[in-house]
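Subject: Handover of a structure, with notes

Dear colleague,

I am handing over the structure below, together with some notes on what turned up when I went through it. Please read the notes with the coordinates open beside you.

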Amino acid sequence: MTEQTLTPPLITPLENGNGILEEARCAHEKYLIKQQEDDLEKAISCYVDAIKNNPSLPEAYYRLASLLLIKGQISVEGALEQCKTAISLEPNNPNAHIYTGYFQCLNGNLTEAEKEFSLAISRSGQNSARPRLFLSKVLLNRIRSNQSNVKDIVKFLYYFLSGSMMIMWDCPSLKMFYKFLANDFSVFSYKTLGETFEKMRLFPSALNAYSKGLEKTSQGNLFYQKMGDLSLECNDIDSCRECYKRAYEVNPTNREILIKLATINQTYFPDDVDTTIDYYNSLLEFGQDLDKIYYELGHLYLAKSDKVHAVSAFKLAEEINPENPYYNNSLAYAYVKAELYDDAIEYYQRAIKINPDAEWTSIVCHALGAIYSEIKENYEAAEATFNAGMILDPKNVDIQLSLGDLFMTQNDIDRAIKTYCDAISVDPLNYLTYAKTGLALWEKDYLEESIVAFHKSIELNADFEISQNNLGVVYLDGMGDPKESIQYFQNAININPNYTLAYFNIARAYQAIDDKSHAAEYYQMTLDLNKITEELDEKDIRKRLFELFE
């Protein structure tokens, strides 16, 4: 009878986890040298697969723990639990004890760390350079904290000197050191070459050097950033953003590149608000400069007309730094947009009280005075606030004009004229000051003076349709010269084809010179436009139109 020989099935390296572990080691090593996020992810994935294939591999546990800790996916306590598993599988594994000691240091337990490094030394033989140096660092920390004695100092010197000498026999450390050195030299060479070309203003050559550095070293985080900086200097914004994006993809933990990416997107791509918001939200995860980030987010939400989130963002910034006047001012503005005027007044007042700069604070006074005047109709408070702003910055023409408008609202024409004239003395080339002065003079029946003011306004800005229209009104209704007025109404219409009041006025002018055809035409245009703008009384327009044919 022929016997059949039973042979155990062949177990390939991948099947027992060793092949996957080797792949994980390579990715881990690449990550330590190049700091590429892809290598980190690959190493984690391979370590997990190695454990799944062979749960008895101690190395996979403590190495995986270190990488998961870098990713922030486990705590130090979780990493120590992984090391306990590795030690239970192989109690004499020196690396398991080294990693355990390292994690104990991170946990602030130096006594336990010292024990683990001592165990690693006893189990490493002549390759104990690393645990000796780690142990010397623990002892040095104890010495620095004034919790040591002479024995600790002697032990520190012993382990530091012996570790430094024995490193020459530590083959794994020497191999890694050589790889670090070779990669660093290559990175240094291409980086230096590129920077030299940049200083010589040879930008294409610099870009080529960085590109080759990227190709030879795969140091994407560095070279993409250098290429992005160079593209920005050359004003190639699209290439700059693309390079920064790639640098961020390579290393999402690089806060500096994320700041650059957010700033470029916010500055040069204002329509891409959602992406910029995502970048700033990612920056929040770093936990640094949170108030500044919330401040930027507030402005981005305002750009989206998202009033609720804008208020929330500015409020968070203000809560972190309540003495920052700009945060208070922006929060007040967001409240105005949300029509929460009492809250806006409170934070405008806070910003004014802090007063970092007289000129800036004058602008804030202007905004607060506008709320008192236009929303609250508290004219006394508005006048006081405007005056305070003018004291802070006597050259602020805008606040002077608003004060003049306030007097016009109260029918205090004389004070309005004086205020507008004061504004002219501050800025004699401001067309708006003459336009407002002309209107106030018209209200006082100072016709000649009003005409001079409107002509000056038009001389400074011929495209300001309101001055064109108002000058026409003075000629039509004040001077009784409808023929002279027509050209100014027509100018206003040419500048702004949707200016309903100008159509109405030119119709009146043609009616005054008995040109019924043109008058009817413009009254009809006025009716059509008024259905959209709703500026005038439709009954009055129709009445005037019908009167033409009675």
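The notes below take up the aromatic pairs, then a charge over a ring, a polar contact in a loop and a surface patch.

Please keep in mind throughout that this is a predicted model.

Aromatic pairs

The structure holds 10 aromatic pairs, and two of them are described here. In one, the ring centres of Y295 and Y327 lie 5.1 Å apart with the planes at 45 degrees, and the pair is therefore classed as tilted. Y295 belongs to helix 15 (residues 290–303) and Y327 to helix 17 (residues 325–337), so this pair ties together parts of the chain that are 32 residues apart in sequence. Y327 has a relative accessibility of 5% and counts as buried, because the cut-off for that class is under 20%. The pairing also extends beyond these two residues, since ring pairs link Y295, F314 and Y327 into a cluster.

The pair of Y510 and Y522 is stacked, with 5.8 Å from centre to centre and 10 degrees between the planes. Here the residues are 12 apart, with Y510 in helix 27 (residues 500–512) and Y522 in helix 28 (residues 516–533). Both partners fall into the buried class, Y510 at 13% relative accessibility and Y522 at 10%.

A charge over a ring

Another aromatic residue, F269, has R241 lying over its face, at a distance of 3.6 Å from the ring centre.

A polar contact from a loop

N254 is located in the loop between helix 12 (237–250) and helix 13 (255–268). Although N254 is a loop residue, its relative accessibility is 12%, and N254 therefore counts as buried. What does the side chain of N254 reach? The contact is with the backbone nitrogen of I257, at 3.1 Å.

A nonpolar surface patch

On the surface, I153, L157, F160 and L161 form a nonpolar patch, and together these residues have about 350 Å² of accessible area. One of them, I153, sits in helix 8 (residues 150–166). Is I153 buried, exposed or partly exposed? With a relative accessible area of 38%, I153 is partly exposed, because this value lies between the 20% limit for buried and the 50% limit for exposed residues.

With best regards

Key
Residues are numbered from 1 along each chain as its sequence is written. This is a predicted model: local features need pLDDT of at least 70, side-chain atom pairs count only at pLDDT 80 or more; totals for chains, interfaces and linings use all residues. Side-chain values use heavy atoms; hydrogens and water are left out. Patches are made of residues with over 30% relative accessible area and no salt bridge: like charges are joined within 9 Å, nonpolar side chains (Val, Leu, Ile, Met, Phe, Trp, Tyr) within 5 Å. Accessible areas come from the Shrake-Rupley method with a 1.4 Å probe; for residues, only the protein chains shown count as cover. A salt bridge is a side-chain nitrogen of Lys or Arg within 4 Å of a carboxyl oxygen of Asp or Glu. Helices (H or I, at least four residues) and strands (E, at least two) are DSSP runs, numbered from the N terminus. Buried means under 20% relative accessible area, exposed over 50%, partly exposed in between (1.4 Å probe, protein chains only). Rings of Phe, Tyr and Trp (its six-membered ring) pair if their centres lie within 6.5 Å; planes under 30 degrees apart count as stacked, over 60 as edge-to-face and the rest as tilted. A charge sits over a ring if NZ of Lys or CZ of Arg is within 6 Å of the ring centre and within 35 degrees of the ring normal. A polar contact is a pair of N or O atoms within 3.5 Å; within protein, one must be able to donate a hydrogen and the other to accept it, and residues adjacent in sequence count only if both atoms are side-chain atoms.
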